[in-house]
Each structure stands twice: as structure tokens, then as C-alpha cells.
Amino acid sequence: MRIVVVSDSHKDFYSLQKAVLNQSSAEVVVFCGDGNEDMDTLAVTIPDKMIISVRGNCDWCSEKRYSEEITLENKHIFVTHGHLFGVKSGYSQIINQAHLLDTDILLFGHTHVPYTAYDDGMYIMNPGSIGYTGTYGIVDITPSGIMTNIIKL
């Protein structure tokens, strides 16, 4: 299963749509906040994808939750924007929370800086900002394991 991970579009719908269309084989799009209006438009224009979206600190009128926990391909995924975990000052708080939740894959945004890591059995990804830096992420869940990758538009 391929998952497109995007965050922080900040009204750049064109780049968001381009990233998703570039990954036509992806079944799921995960949005880590700050641009939920863009994601609502995307959901209408690309209805064949499962869309998971959380609220960011700039999504003032959004009714979405600040975090979601989902299971795909028997992997527990924790999705959040990151601002409530102080990610601009470091990742220890969000990583600790994800470990407490027994997470296999942690996805977050907010910093606009792309990041991938592996920590004690957990894959971690911040795709950066599709709106500002033009980066997004791919998570492939296969029978052989999990692969993460950051892609520049």
C-alpha cells in the first residue's frame, strides 16, 4: 500500500494536487494540517482516494481533530500536526507520545522541514511543507516492510 503524506499547503492547492496526482498508485492521502480547505477541495476533485486529515494551528475554522490514529495494513499510524507537541523545539515529546500509543508510523508537520527517521521500531516522517518547500512524503507498506521517502516537486 502506498500512502502520500502532505502537510502545510497554506492555500497552495496547485502543489497539493500535483503531489497527489504524481502518485497515482497511492490509495491513501494523509494530510498533517495547515490547509484543510485545500484538502476539502482535493477530496471533491480526487474522490477515489482515502483521505485522512487533521487540523493544524492555522486551520482556525476546521472541525477536524488535532490527531488521528488509524490502522492500515495492520500498522498503527499516529497522525498529528505537531504544534501541540512542541516540534519546533525538538521531536522528543511527539516521539514519546507515539511510543506510548504503540505506533508503527508517526506522521506530522508544522516545522516545514522534511524529516524521516526510524526510532525503536517506529518510522517517523514529517513531509515538510507542500506549499512552501514543495516537499511531500511517500510511505510504502509492503509484506517486506515499510519504506519512507521524501520527494521534491
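**Exercise 1. Decide whether threonine 111 is buried or exposed, and place this residue in the chain.**

Step 1. The relative accessible area of threonine 111 is 16%, so this residue is buried (buried is under 20% relative accessible area, exposed over 50%, partly exposed in between, with a 1.4 Å probe and protein chains only).

Step 2. A word on the model: it is predicted, local features need pLDDT of at least 70, side-chain atom pairs count only at pLDDT 80 or more, and totals for chains, interfaces and linings use all residues. Residues are numbered from 1 along each chain as its sequence is written, and side-chain values use heavy atoms, with hydrogens and water left out.

Step 3. Now look along the chain: threonine 111 sits in the loop that links strand E6 (105-107) to strand E7 (115-119). Strands (E, at least two residues) and helices (H or I, at least four) are DSSP runs numbered from the N terminus.

Step 4. Beyond residues up to four places away in sequence, threonine 111 touches Val87, Lys88, Tyr91 and Asn126; contact means heavy atoms within 4.5 Å.

Step 5. With asparagine 126 there is also a side-chain to side-chain polar contact of 2.9 Å. A polar contact is a pair of N or O atoms within 3.5 Å; within protein, one must be able to donate a hydrogen and the other to accept it, and residues adjacent in sequence count only if both atoms are side-chain atoms.

**Exercise 2. Describe the surroundings of histidine 110.**

Step 1. Histidine 110 is also in the loop between E6 and E7.

Step 2. Its relative accessibility is 11%, so histidine 110 counts as buried.

Step 3. Setting aside neighbours within four places in sequence, list its contacts: Ser7, Asp8, Asn57, His81, Gly82, His83, Val87 and Lys88.

Step 4. Pick out asparagine 57, whose side chain makes a polar contact with the side chain of histidine 110 at 3.2 Å.

**Exercise 3. Work out how the radius of gyration of the chain agrees with that of a compact globule.**

Step 1. Start with the elements: the chain has 3 helices and 10 strands, in the order β-α-β-α-β-β-β-α-β-β-β-β-β from the N terminus.

Step 2. For 153 residues, a compact globule would have a radius of gyration near 15 Å; the chain has 14 Å, which agrees. The radius is taken over C-alpha atoms, and the globule rule is 2.2 Å times the number of residues to the power 0.38.

Step 3. Add the extent of the C-alpha trace, about 35 × 35 × 25 Å along its principal axes.

Step 4. Finish with burial: 48% of the 153 residues count as buried.
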